[in-house]
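Visitor: I would like to go through this structure term by term. For each label, please show me the value and the cut-off behind it.

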Amino acid sequence: MGIQNEIKEPQPLLNKDGSLRNPGWCRHNLYEYNREFIGAPIMRLKEWDFYQVSNGRQMVQINFFNISLASSATFGFVDLKTGRKFDTMALELFTPNKNRMNRNGDSPNSFTYTKGGTTISFDMREESGTISFTGKCKGKPLEAKFDFTRLKNHESITIATPFEQKGRFFYTDKINCLNTEGFVQFGDERFEFSKEDSFTVLDWGRGVWPHSNMWYWANGSTFLNGKRFGFEMTWGFGNTDNATETALFYDGICHKIGEVHLENDPEVGGAWMKPWHFLDSEGRLDLVMTPFYDNYSNMMPLNLVGMNTHQVHGLWNGTVVLDDGTKLEIKDMYAFCEKVYNKW
């Protein structure tokens, strides 16, 4: 696997000069997020709680972020079969010293933000949680509420990795396999999500990044053999000498894998809707995603600031191998992979 520094004891994230004390990964978030030691200009600090809920037909993204230049509560709905979208947001500018978020998304915490007619709320408990958003969208009232469950001792993957520039780091926790039920009420329309096939992933992150960067992020959850199964794969972002953000999850247990890559870059030749072949460095993951929808957005005017995203959704087939050598066969599992360029 190469160097994979597993963090097994609670410890501070940062040294007093803002550098990472001990880059690595953990099955539960054992880092103490001591943001008071951040040495970079405070306007570079980014914090977010991003929840994505999907049943393979509809997807909802509920997010709160504070990137110091601004804070925002956002909601987005996408029909993955038809491409219909609707979204809304509440924005507050220049927030380096307010709206700071929880220090550990893997332990019980709550967060609520209200601006005007918009309210966003996250409540993470030991074995369950609730996500809610109320506001208006396109002149219509909007309400969304989702309840999810966690397994006892539900493992996730946390990583802390540096960038080349001093004081820059990426610190994130991905919590998969959150079995979910809930609804979106948009005017007279109601969309139901059942725990039979709906899952949430929490992308919890804190960090100080370079202005320009790129990442791949692939993630999915499902039921497999009557148990919760999922995967997390992120690469291309930061220095991964001490930890890769790659793991399998099965029945609440994190199975760490090494580096993952694509056989071919889908950006070359615009092959976004052709099959994506994923392989890992140890022969433990061999998966092919057959895309059915590209949730594309370009919010980078003049290529100066913002995000350019191809979040491609599809059905996944292949095999993965757990830590004990057990091989699992994946058949038509719904999941996504995105390639994102950032300048902010």
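Guide: Start with two paired strands: β21 (residues 276-280) and β22 (residues 285-299) run antiparallel and are joined by four bridges. Trp-276 stands opposite Met-289 in β22. The model is predicted, so local features need pLDDT of at least 70 and side-chain atom pairs count only at pLDDT 80 or more, while totals for chains, interfaces and linings use all residues. Residues are numbered from 1 along each chain as its sequence is written, and side-chain values use heavy atoms, with hydrogens and water left out.

Visitor: What makes β21 and β22 a pair of strands?

Guide: Strands are DSSP runs of E with at least two residues, numbered from the N terminus. Two of them pair if DSSP finds at least two bridges between them. Four bridges join β21 to β22, so the pairing criterion of at least two is met.

Visitor: Which sheet holds these strands, and in what order do its strands run?

Guide: An open sheet of nine strands has the order β19-β18-β17-β16-β24-β23-β22-β21-β20, with antiparallel pairing. Its edge strands are β19 (253-256) and β20 (260-262), each of which pairs on one side only. From one strand to the next the twist averages 25°; axes are lines fitted to C-alpha atoms, and angles run from 0 to 180 degrees between N-to-C directions.

Visitor: Why is the contact of Lys-174 with Glu-245 called a salt bridge?

Guide: The term requires a side-chain nitrogen of Lys or Arg within 4 Å of a carboxyl oxygen of Asp or Glu. The closest N and O atoms of Lys-174 and Glu-245 are 2.5 Å apart, so the pair qualifies. Lys-174 is in strand β13 (residues 169-186) and Glu-245 in strand β18 (residues 245-250), so this pair links distant parts of the chain, 71 residues apart. Both residues are buried, which means under 20% relative accessible area with a 1.4 Å probe and protein chains only; exposed is over 50%, and partly exposed is in between.

Visitor: How do you know that Arg-103 and Glu-36 form a salt bridge, and are they buried or exposed?

Guide: Their closest N and O atoms are 3.3 Å apart, so the salt bridge criterion is satisfied. Arg-103 has a relative accessible area of 39% and Glu-36 has 49%, so each counts as partly exposed. Arg-103 is in the loop between β7 and β8 (109-115), and Glu-36 is in the loop between β3 (31-32) and β4 (45-54), 67 residues apart.

Visitor: What is the burial state of each partner in the salt bridge of Asp-265 with Lys-339?

Guide: The closest N and O atoms of Asp-265 and Lys-339 are 2.9 Å apart. Asp-265 lies in the loop between β20 and β21 and Lys-339 in strand β24 (residues 327-343), so the pair ties together parts that are 74 residues apart in sequence. Asp-265 has 30% relative accessibility and counts as partly exposed, whereas Lys-339, at 4%, is buried. Salt bridges that share partners also join Glu-6, Arg-27 and Glu-155 into one network. The whole structure has 17 salt bridges.

Visitor: How many aromatic pairs are there, and why is the pair of Tyr-51 and Phe-122 called tilted?

Guide: The search finds 34 aromatic pairs. For Tyr-51 and Phe-122 the ring centres are 4.8 Å apart and the planes are at 45°, so the pair is tilted. Rings of Phe, Tyr and Trp (its six-membered ring) pair if their centres lie within 6.5 Å; planes under 30 degrees apart count as stacked, over 60 as edge-to-face and the rest as tilted. Both Tyr-51 and Phe-122 are buried.

Visitor: What makes Phe-163 and Phe-237 edge-to-face?

Guide: The centres of Phe-163 and Phe-237 are 5.1 Å apart and the planes are at 85°, so the pair meets the edge-to-face criterion. Phe-163 and Phe-237 are both buried. Ring pairs link Phe-163 and Phe-237 into a cluster with Trp-48, Phe-170, Trp-209, Trp-215 and Trp-344.
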